[in-house]
Amino acid sequence: MAKEARHIVLQLIQVGRQVGGLETVRAVAFDQSADEISQLLAGRGLIAIGGDEDRRRYARYVVREHAGLRRSIILETLSELFPTFISVDEFFALIDTVGVADDDGHQSILPLGPELPPNLVSPADLEALLDQIVARSGELTGDGEEHQFREAFAELASAAAIRLLNGHPDVVPDVVTDLVLLLRETEQFSVSSDAFQALGKLFGTSRGRRQSSFWRAVGRIRSHPYSTDPDDVNLFLVQHLGWPVVLTADDLAWLVPDLQGRTDPRDRQTALRTAHALWREFGQDPAILASMVAALEDDPRLAEQLTAWQTPQPETPEMIGHIARMEELRERNAKRTAERDTGWIEMIEALRADPTFFDRLSPQTADSVDSRLFHLWQFLSWRTQSRSVYAIESLDVVAPIFGPELTRRFGEALIAFAYAHTPHEVTEQEGGVRSVTNLDTMALGGMALAASTIPNWARTISPERADQAARLAIIELNGLPAYLISVAETHPDRVRPVLRTAIERQLDRADPQGHGMLDRLEYADPAFARLMAPDLLSYLETHPSISAVMLEKAVSVVIRALPHVPDGLAAFVAERVDSASAPVIAGYYLLLLFVILGDPAVDALGSKMRTLGPADQAALCCTLLPRLFGDRFRRSIEAPVALSVQRLEQLLVLAFEGIRPDDDINRPSNKVYSPKLRDEAQDARSSIFNRLLQTPGEATHAALLRLATIPGFHIEPEWLRIHAYRRAEDDAFLPAWMASDLLVFERKFDRQPTTTADLQFLAQRRLEGIQHDLIHHKFAQGDTVQSLVDENAVQRWVATALETRQDEAYTVHRETHYAGEKEPDIVLASRHSGLELPIEIKVADGLSVAQMEAALDTQLCGQYLRHDTTRHGILLLVYQNERRDGWELTPGAPKVPFDSVLTHLNEKARLIREVSALGPQPIIVIIDVSKVVPIKVQRDQARARAATKRKASEPNREPASTKKRNGSK
């Protein structure tokens with residue numbers, strides 16, 4: 001039996017609990033020569049349908065033969081048979097053998113946990129389980145290092161601790177406290193685990209639990225590296241290192257007696273410190289203080305310490321002076337704040353009372369403006385919530401304070417100031433820090449206000465005003481102001497030089513740490529990228545030695561401009577890829593080439609990699625792939641590059657060649673790190689594989705199977721075949737039904753197609769139904785189809801037959817125009833979505849195999865399946881009259897029957913479908929009436945048979961004339 005078939009049978013036995021398969025699962029479960037999945041499924045089936053004796057025997061087998069069994073089988077057995085048939089000691093002996101990391105080094109003990117086995121209820125078993133876990137979880141270190149065992153068993157151990165505590169209402173067993181302190185060091189688990197949080201809450205549910213767990217925690221924390229004084233452990237440290245209880249005044253009822261009752265002097269010191277802290281926090285009750293004093297009568301040292309705490313040390317002269325200076329500063333700041341607020345109120349009230357002051361503003365100069373207008377703008381800036389931009393497009397935030405008249409006059413004055421202001425030249429310092437004046441930012445606010453309040457502002461301003469607006473725009477704090485988009489549309493010749501100057505300044509400076517105009521264009525409106533793309537490309541042409549940092553920024557902006565770029569860009573970029581000596585430079589040009597060309601860029605990448613050594617190949621791929629496909633921390637380019645499945649397959653192979661898994665950086669889980677370029681490239685390599693897996697269609701299935709045949713490929717062939725199977729399985733599922741589909745199905749036993757794939761599947765079933773009725777219906781018309789005189793008649797008959805079966809699913813059309821004014825024979829159009837399915841009909845009798853191939857490849861795929869919304873189609877072959885001499889598949893080859901021709905054409909259609917999920921998806925359907933005997937021929941044959949029968953019976957009959965002669969005698 002094939003391996004896959006055996007897996008299905010074993011699954012059916014287990015899931016269906018087929019007792020008749022018990023002997024089968026018994027045989028396979030104990031057969032170590034069987035493959036891993038077969039043994040695993042057989043073990044599950046044996047546990048599911050076998051008796052206790054089978055389970056006991058299987059448990060003994062796993063314990064005895066564990067050295068020769070796969071990890072998955074051992075863990076599956078433990079999850080099902082512990083503790084009934086496997087003891088705690090045996091459980092951990094097996095865990096020690098298989099470890100807590102899978103074959104890839106990732107921490108996992110699945111399917112164990114997180115729930116406990118329901119029959120693990122014995123307090124002795126629970127405590128033994130926790131003892132074993134704690135013993136293997138290491139010591140408290142505080143160093144934050146990864147501890148795989150602790151993390152693997154965290155959920156299971158928490159559940160066991162909760163179940164154990166349910167039997168100890170007034171005490172916390174020491175092992176549970178130890179466990180909580182250890183798990184607290186696993187911060188990622190302790191923060192997110194509901195079980196851990198629930199366990200912590202149980203610690204505080206009774207006085208006995210708080211008291212017992214507190215002293216156990218104190219004892220463990222004395223040896224903790226964070227404990228600077230083991231003789232004087234305080235409450236804060238105990239809580240900080242994992243004890244999950246917040247004490248209240250009620251806990252003084254056990255802390256005060258422990259001042260006297262604890263035998264260890266260090267415990268009494270901790271009890272005094274903790275009790276005194278709670279006493280101070282919760283009201284300083286004199287009666288409780290008296291009880292503490294009484295409890296310390298036999299310990300003079302602690303009594304003296306308590307007295308000292310109650311008698312604060314006098315403040316030194318230095319401390320008194322410091323407190324006085326701090327109070328003086330506080331009062332001074334409060335006075336200044338009050339004066340500022342009063343000043344604003346008085347100024348605004350005065351201006352509201354006389355808005356005509358705007359008519360008497362001081363003359364504006366290049367470096368000065370009326371102080372009242374400036375202060376109003378400062379107030380507006382202060383009130384504006386956003387601190388990330390200079391441009392202010394509305395006065396709504398100050399309108400309730402200013403009043404309508406002052407607000408209107410202020411807006412007009414601010415716009416007038418902006419129009420009259422000449423922007424200063426923006427200067428940039430090291431690191432891209434810009435020097436901007438207050439008057440420039442004030443003018444930018446006025447210009448933005450004008451753009452947002454004056455209708456069609458950009459169309460009404462002069463070219464000089466547009467130039468001024470553009471020069472102000474580049475001082476914006478982040479990005480570019482919104483008004484510049486409309487200015488660039490109406491006055492591109494004024495905006496473009498300003499942005500070009502800023503871009504060239506950044507490119508010439510080539511500061512890797514700087515943030516200039518290119519960076520802003522990367523996230524600004526794409527209209528700016530389209531405006532500046534010609535200048536950027538011109539700069540690249542004249543500066544072949546541009547630095548990698550600047551090239552990355554320039555390429556990012558050009559990508560945002562696509563597809564609005566000059567002709568010939570692809571050829572220029574391809575030439576730069578070939579001539580680039582630095583792999584990083586080639587990587588950025590390849591990025592641009594991928595976005596422009598898509599699939600053909602894979603060939604350019606392969607050609608470039610063949611010229612590089614391993615280190616340069618890695619540098620090239622580390623540069624290109626993260627930007628092309630993204631990584632776990634950032635997205636790729638905004639519009640993902642559309643690549644066919646075949647090209648994704650090739651790219652994946654190239655990615656493994658350039659980013660070799662042997663050189664991968666393996667980061668420990670649950671640890672913070674700063675990702676490097678290599679980390680990003682590894683993630684991008686995985687992204688290529690994931691995109692391939694997520695692409696539906698036969699092309700993906702075929703690509704995965706091809707990858708599985710590559711010798712030494714870095715993904716296991718078995719996994720690739722499993723992914724191929726899952727891809728085929730997912731593709732077999734039809735889209736989810738909508739509510740309307742149920743109503744149609746109830747009435748018509750049908751479903752409306754929503755995609756061309758749905759429509760193709762529906763048409764295939766309709767044609768198969770027609771084929772069946774032509775042969776087997778009580779009014780079969782196979783001879784009618786057989787007698788149709790030509791291809792046109794056949795097409796009309798098929799169209800009529802499909803139309804009679806259309807119901808509410810589709811409509812039938814003929815001669816619909818497609819690419820190049822080509823017309824398929826029949827088109828089905830979905831009534832639900834309007835999508836279309838072309839059907840090309842050919843009568844196979846008189847065609848050669850080459851002509852049928854041309855009908856499939858050239859006519860159906862090449863002419864009708866080229867549009868993005870029409871990728872699915874049908875080549876319908878009608879076989880009317882039997883061709884006894886058969887067909888030649890290739891010239892000169894032996895002739896074969898029609899079934900062999902059909903197999904050949906189906907294989908060709910499959911290969912076409914496998915090229916790309918975005919390409920043509922044709923199928924072959926036949927209507928075969930070649931075996932039908934026409935009615936006339938049937939009648940003639942019947943007459944001939946009857947005549948033959950009569951003739952055969954004539955020698956046994958005596959002729960009438962003979963009888964007459966005999967009678968006369």
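Q: In this predicted model, where does proline 83 lie?

A: Proline 83 sits in a loop. Helix H5 (71-81) and helix H6 (88-98) flank that loop.

Q: How should I read the peptide bond from phenylalanine 82 to proline 83: cis or trans?

A: Start with the general idea. Most peptide bonds are trans. Now the case here. The bond from phenylalanine 82 to proline 83 is cis. Its omega is near 5°.

Q: What is omega for the bond from leucine 562 to proline 563?

A: Omega is near 5° for leucine 562 to proline 563, and the bond is cis.

Q: Which helices flank the loop that holds proline 563?

A: The loop with proline 563 runs between helix H30 (548-561) and helix H31 (569-579).

Q: Now phi. What is the sign of phi at glutamine 284, positive or negative?

A: The general idea again. A negative phi is found in most residues other than glycine. Glutamine 284 is not a glycine, yet its phi is positive, about 55°. This glutamine 284 belongs to the loop between helix H16 (265-281) and helix H17 (286-295).

Q: Why does glutamine 284 count as partly exposed?

A: Because its relative accessibility is 41%. Partly exposed covers values between the buried cut-off, under 20%, and the exposed one, over 50%.

Q: What is phi at asparagine 456, and where is this residue found?

A: Asparagine 456 has a positive phi of about 50°, though it is not a glycine. Asparagine 456 is in the loop between helix H23 (438-453) and helix H24 (457-460).

Q: How does asparagine 456 count, buried or exposed?

A: Asparagine 456 has 56% relative accessibility, so it counts as exposed.

Technical notes:
Residues numbered from 1 in each chain as written. Predicted model: local features only at pLDDT ≥ 70, side-chain atom pairs only at ≥ 80, totals over all residues. Heavy atoms only, no water. Helix = DSSP H or I, 4+ residues; strand = E, 2+ residues; numbered from the N terminus. Buried < 20%, exposed > 50% of the residue type's maximum accessible area, 1.4 Å probe, protein only.
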